[in-house]
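Student: I'd like to go through this one with you and ask how each label is earned. Can we start once it's on screen?

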Amino acid sequence: MSHDKIEVTPIAGSLGAEVRGVDLRTMDNHAWAAVHQAFLDHKVVAIRDQDLSPQDIMDVGARIGEPNHYPFVKGMDDFPFLFDVVKEPVETRNFGGGWHSDTTYMKTPPLATLLYAIETPPRGGDTLYCDMVAAYEALSPRMQEMLGTLKGINSAALKHTGGRKAHHAVIGGMKIQGTEEAESYEAVHPIVRTIAETGQKALYCSRAHTTHFEGMTEDESRPLIEWLQAHATRQEFTCRVNWKPGTITIWDNRRTMHSAINDYQGMRRHMRRLTSGPTHPV
Ligand SMILES: [Fe+2]
């Protein structure tokens, strides 16, 4: 498919775009360059009308970088870096609810996440995204300067959202593993990170994973972490992706957070996830 038919349509004021007119299985390097440019421009790209095997998803991810390991869900038998995100009709808790960037508690968290929709509810099950560059740029110069001196301690333990074990214990449809080791996954990253390709600065902090600032107590850190979360998720910094089977969304974990909306009780949702491009935040 020629890349000159690729349509990129922004879906909100701050971030996010829909991409149509490309077949990720057969695209050439020019077509990928157009998709990648849309990714750089919009941070979140929902690419519609795809028909992707597990290997196809791996191949798209490989254009971004090496695959990342996810410690808490068992991967597919032949594709250990891919796993299914499933919510069955009888389940009430979802996976990926609450604002976060993926696996910030790893030393080299993924540059991007690829999430492919296989089965979606007729309504609901959207994903929200927020723009951590716009959030940073809206801060006062003095606040930017102060945050630029801070490092965040990021933990997988989900201390402030009920604990990893309790959080995942009620997710029945997925192959959860290793939650007892969640405390051991911890990484120190700058609160303001710089994006290599664009030079942009982005906030890199969440109430889910950032427990405190280096050199400060959790009590001292918490009010500012909570404020940064409220600030970053202001409505004007968000977009919302509505999924259809065959949609694959690629989002930039360096410059966004996301939250899966749990508003489709009694209905099934089946997605497939890959994280890609292990990167040292700087
Ligand atoms: Fe996530």
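Tutor: Sure. Helices here are DSSP runs of H or I with at least four residues, and strands are runs of E with at least two. Counted that way, the chain has six helices and 15 strands. Keep in mind that this is a predicted model.

Student: What makes the chain as compact as a globular protein of that length?

Tutor: Its radius of gyration is 18 Å, and the globule rule gives 19 Å for 282 residues; the two are close, so the chain counts as that compact. The C-alpha atoms fill a box of roughly 55 × 40 × 30 Å along the principal axes.

Student: Why is alanine 156 called buried?

Tutor: The cut-off is 20 or more other C-beta atoms within 10 Å. Alanine 156 has 23, so it counts as buried. Alanine 156 sits in the loop between strand S7 (151-155) and helix H5 (164-169).

Student: Which residues is alanine 156 in contact with, leaving aside neighbours within four places in sequence?

Tutor: Tyr105, Arg164, Ala182 and Tyr185; contact needs C-beta atoms within 7 Å.

Student: And how much of the chain is buried?

Tutor: Buried residues make up 46% of the 282. The largest nonpolar core has 71 residues, and Val19 is among those touching the most other members. Strand S5 (residues 110-119) gives this core its largest share, six residues.

Student: What does valine 19 touch, not counting residues up to four places away in sequence?

Tutor: Its contacts include Ile6, Val8, Val35 and Val45.

Notes: Residues are numbered from 1 along each chain as its sequence is written. This is a predicted model: local features need pLDDT of at least 70, side-chain atom pairs count only at pLDDT 80 or more; totals for chains, interfaces and linings use all residues. The radius of gyration is taken over C-alpha atoms; the globule rule is 2.2 Å times the number of residues to the power 0.38. A residue is buried if 20 or more other C-beta atoms lie within 10 Å of its own, exposed if 12 or fewer, and partly exposed in between; C-beta atoms are placed from the backbone. A nonpolar core is a set of buried Ala, Val, Leu, Ile, Met, Phe, Trp, Tyr and Cys residues joined through C-beta atoms within 7 Å. Two residues are in contact if their C-beta atoms, placed from the backbone, lie within 7 Å.
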